[in-house]
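Here's a quick briefing to read with the structure open beside you. Take it topic by topic, and find each part on screen as you go.

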Amino acid sequence: MRYGPAVRRRKLGAELRRQRELTGMTSREAAGAVGWHQSKVSRIETGSSGAKPADVARLLDVYSVSDPELRALLGALCGADPAEPGRPRSGSRRWWHGYRELLPASYLDFISLEAEACRARTLETTVVPGLLQTPEYARAVTRAALGDPAPELVEQLVRVRMARQSVLRTARPLELCAILDEAVLRHEVGGPEIMAGQLRHLRDSTSLPHVRLHILPFTGGNHMGVTGPFVILSFPRITDLDVVVIDHLTSSLYLERQEDLWAYGSAFTKLRAHALSHENSLEFITEIIRHRDR
């Protein structure tokens, strides 16, 4: 188990080590090729030390890695600007840097990982996923989570959540598969009017071909989802890069061990099979909307 920045360093180091091994070079040979001490390469590969974007670029040059998508993603993991040519998918610059004084490090790292992921699988048991929230719903959720926050803080956090949603509308959008417990649809967050608007937005969001919804109805009985919500982020063209994110009240926990990834991936697959199909889930949401409008 690692917190976000450690996750990024370890995954970057593991992929750099894999690229080095593909060339048949030792860490000593790689260090000599770029004029470093061997210990620097070792620290980067084990994730015990961070790497500057320029350092990563030099190593990739030595390893003859020319794939622009791979170079862009590895660069993003070490803080390079993803808006540079060759990034895995188009999108805005690292807008979240402007909120470094406001957001905890674990949330900033989650946003960064989410921005570079190609797929997200999420289970939610109490609230609509942030990527599918309306501003009004997000405002109500934020107020409830923080108790009695200052209005300007609430608005800043809502802007962050809305900005995150851009990953669904880029040239290469994030593929989102969300499993929602029926309780998510029944909780009156913010009052009837706000909730009605959120339900309509949730249904309309499925017009995006890369967004899939599955509802776990109350009538389905107990299921693995009672253990709590989680997100699995997957990344393009790099093996062993998936990460499971579990939110707590004051931080986020990142799971990266293969056994954890397998366990959560298997749980998600079983939950999706247990839930309503995408089409039936949309009908389920539509029926709730009709009932509310009577």
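**Strands and their sheet**

Let's start with one pair of residues: isoleucine 232 has valine 244, in β5, as its bridge partner. Keep in mind that this is a predicted model.

- That pair belongs to a bigger pattern, in which β4 (residues 230-234) and β5 (residues 243-247) run antiparallel and are joined over three bridges.
- In general, the strands of a sheet are paired by backbone hydrogen bonds, and the pairing can be parallel or antiparallel.
- Zooming out, there are six strands in an open sheet, and reading across it gives β3-β2-β1-β4-β5-β6, with mixed pairing.
- At the edges sit β3 and β6 (252-255), and each of them pairs on one side only.
- On average, neighbouring strands in this sheet are turned by 15° against each other, if you ignore direction.

**Helix α10**

- Does the length of α10 add up, or what should its 14 residues (192-205) span at 1.5 Å a residue? The expected span is 20 Å, and the end C-alpha atoms are 20 Å apart, so the two agree.
- The buried residues in α10 are Met195, Ala196, Gln198, Leu199, Leu202 and Ser205.
- What covers those buried residues? The cover includes the helices α7 (135-146), α9 (182-186) and α12 (278-293), along with the strands β2 (175-181) and β3 (211-216).

**Salt bridges**

- How many salt bridges turn up in a search of the whole structure? The search finds 16.
- One of them links arginine 172 to glutamate 69, with the closest N and O atoms 2.2 Å apart. Arginine 172 is in the loop between α8 (151-164) and β2, while glutamate 69 is in helix α5 (residues 68-77), so this pair ties together parts that are 103 residues apart in sequence. Arginine 172 is partly exposed, at 45% relative accessible area.
- Another joins arginine 139 and glutamate 155, whose closest N and O atoms are 2.7 Å apart. Here arginine 139 lies in helix α7 and glutamate 155 in helix α8, so the parts tied together are 16 residues apart in sequence. Glutamate 155 is partly exposed, with a relative accessible area of 28%.
- Arginine 257 and glutamate 259 also form a salt bridge, and their closest N and O atoms are 3.6 Å apart. Through shared partners, salt bridges join Arg257, Glu259 and Asp260 into one network.
- Are arginine 257 and glutamate 259 buried or exposed? Arginine 257 is partly exposed at 43% relative accessible area, and glutamate 259 is partly exposed at 47% relative accessibility.

Notes. Residues are numbered from 1 along each chain as its sequence is written. This is a predicted model: local features need pLDDT of at least 70, side-chain atom pairs count only at pLDDT 80 or more; totals for chains, interfaces and linings use all residues. Side-chain values use heavy atoms; hydrogens and water are left out. Helices (H or I, at least four residues) and strands (E, at least two) are DSSP runs, numbered from the N terminus. The expected span of a helix is 1.5 Å times one less than its number of residues. Buried means under 20% relative accessible area, exposed over 50%, partly exposed in between (1.4 Å probe, protein chains only). Contact means heavy atoms within 4.5 Å. A salt bridge is a side-chain nitrogen of Lys or Arg within 4 Å of a carboxyl oxygen of Asp or Glu. Two strands pair if DSSP finds at least two bridges between them. Axes are lines fitted to C-alpha atoms, for helices over the stretch in contact, and angles run from 0 to 180 degrees between N-to-C directions.
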